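Subject: Structure handover

Hello,

Here is the structure I promised you. Please open it next to this email and follow along.

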Amino acid sequence: MIKKILLAVGVLVVLVLIGAGSAMGLATHKVNKTYEDVALPNITRDSSPEGIARGEQVFRAVCAECHAGGGNTKPVGVRMHDFPPDLGTFYSANITSDPEKGVGAWSDQEIARMVINSIDRNNKFRPMPPFPNIGDKDLAAVIGFMRSGHPDFAPEKAQPPRSELSPPGRMVFSFAMGINDKSRTAEVPVPAKAADSVEYGRYLSASVYDCVFCHSPGFGSSGEKMKDPATVLGGGFEFDMTPLGGEGKLLSPNISPSETAGIGKWTLDEFILAMKSGVTPDGHLLRAPMPKYRYADDAELSAIYTFIRSMKPVDKVVPPPAGGRPKVDPANSDPEKMFSALGCATCHAPGKAYEAKLQGAKGKPVEEVAKWIRNPEAFKPGTQMPTYATLVDENNALALAKYVLGRTGGTVSEGTTP
């Protein structure tokens, strides 16, 4: 995901380099160049049951939101509204198993290079954030999941347009972000998985799930941000929520072990629950673009927690977004107020990114909608909707379900389906 700060960096680069005269020509050359000299990595899919399960964990948390879009699970490619329009128009690719429109004809090594270098099978750069430090075994697992025959990857003929970079966009990808044109031929190991391993937690946080990138201020890779212990995990990275129907900017929260400004008072159990359900210990909801790590196991999340606890506390308080963070009062049974307090309006109100998704409830029995509200992941694995079971009891869920059905314009029917 490209954040609003990229636009500022891109403009800065333009201003700095404009005197060189050839800067734009060089940027255009780098974007359009054929990268035949970037070797294919020696990575082959892991089709073991353990590998496929691990691949699904990573894919659901990292890849699905971009390639399938919010609320969907089939990676057919979508318009990426997260990017500032000044950088161009961006579309994720169809990565189903279709041999013509998807990646069915790609080799494992070609998919691996696309993830590591953002260079496709035609040796052309595609504007997607690369993962240069993801371990070979994890990448092999992701490819194994993609090639496992899972129905989400069944062939689809949809083919989104190719992304088009504006002049500032070409400058940003060429100079500010840098195109990863370095071959990766040596194996990148994955640290031993252990709940109490700082090393494994650091790898997950910096090279797979990008916790360090999003929750540390300023621009730069996760590796570069790790060099400044005084700010790493201190939050303050700026997201532009306007393209998603939000209100202006959102600053990533401080997740350092500070007890006054970060999450230093969170217990391990509270951290795991927040990562899987999207609900913090004090009842606030983790809103987009923060994903839900429902597929991560407790050992993996424990390692991330161990890593966070090993870092230097950053006591700088990050200001909350305009209007505050969504928080529900369990004692409040007014469905209209719950719709707002639970953050439903953030996604499903008129003009918001997922307004149309609310229509999926139309015509369904109220009891089924209530169950969906409390445990959406039971109905749609991989969904990014928070789990409200700890905040909304069955009676309040029924009241909210009736309110939601009323908003769809449908008839509220009672009686659980068989």
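A residue counts as buried when its relative accessible area is under 20%, as exposed when it is over 50%, and as partly exposed in between. Keep those cut-offs in mind. Also note that this is a predicted model.

**Salt bridges**

How many salt bridges does a search of the whole structure find? The search finds 13. Side chains of opposite charge can pair when their charged atoms come close. Here are three of the pairs.

Start with Arg45 and Asp108. They form a salt bridge, and their closest N and O atoms are 2.9 Å apart. This pair links distant parts of the chain. Arg45 sits in the loop between α2 (23–32) and α3 (49–67). Asp108 belongs to helix α4 (residues 108–117). The two are 63 residues apart.

Is Asp108 buried or exposed? Its relative accessibility is 6%, so Asp108 counts as buried. Arg45 has a relative accessible area of 34%, so this residue is partly exposed. The pair also belongs to a network: salt bridges link Arg45, Asp108 and Arg147.

Next, look at Glu300 and Arg54. Their side chains meet in a salt bridge, at 2.3 Å from N to O. Again, distant parts of the chain are linked. Glu300 is in helix α11 and Arg54 is in helix α3, 246 residues apart. Glu300 has 0% relative accessibility, so it counts as buried. Arg54 counts as buried too, at 13%.

Now find Lys193 and Asp297. Their closest N and O atoms are 2.4 Å apart, and they form a salt bridge. Lys193 lies in the loop between α6 (167–176) and α7 (198–208), and Asp297 in the loop between α10 and α11, so the pair ties together parts that are 104 residues apart in sequence. Lys193 is partly exposed, at 46% relative accessibility. Asp297 is also partly exposed, at 24%.

**Helix α10**

Which residues of helix α10 (residues 268–277) are buried? They are Phe271, Ile272, Ala274, Met275 and Ser277. An α-helix has 3.6 residues a turn, so residues three or four places apart point the same way. Keep that in mind as you turn the helix on screen.

What do the buried residues of α10 pack against? They pack against α11 (298–310). Glu300, from the second salt bridge above, is in α11 as well. Finally, check Gly278, just after α10. This glycine takes a positive phi of about 85°.

Best wishes

Conventions: Residues numbered from 1 in each chain as written. Predicted model: local features only at pLDDT ≥ 70, side-chain atom pairs only at ≥ 80, totals over all residues. Heavy atoms only, no water. Buried < 20%, exposed > 50% of the residue type's maximum accessible area, 1.4 Å probe, protein only. Helix = DSSP H or I, 4+ residues; strand = E, 2+ residues; numbered from the N terminus. Contact = heavy atoms within 4.5 Å. Salt bridge = Lys/Arg side-chain N within 4 Å of Asp/Glu carboxyl O.
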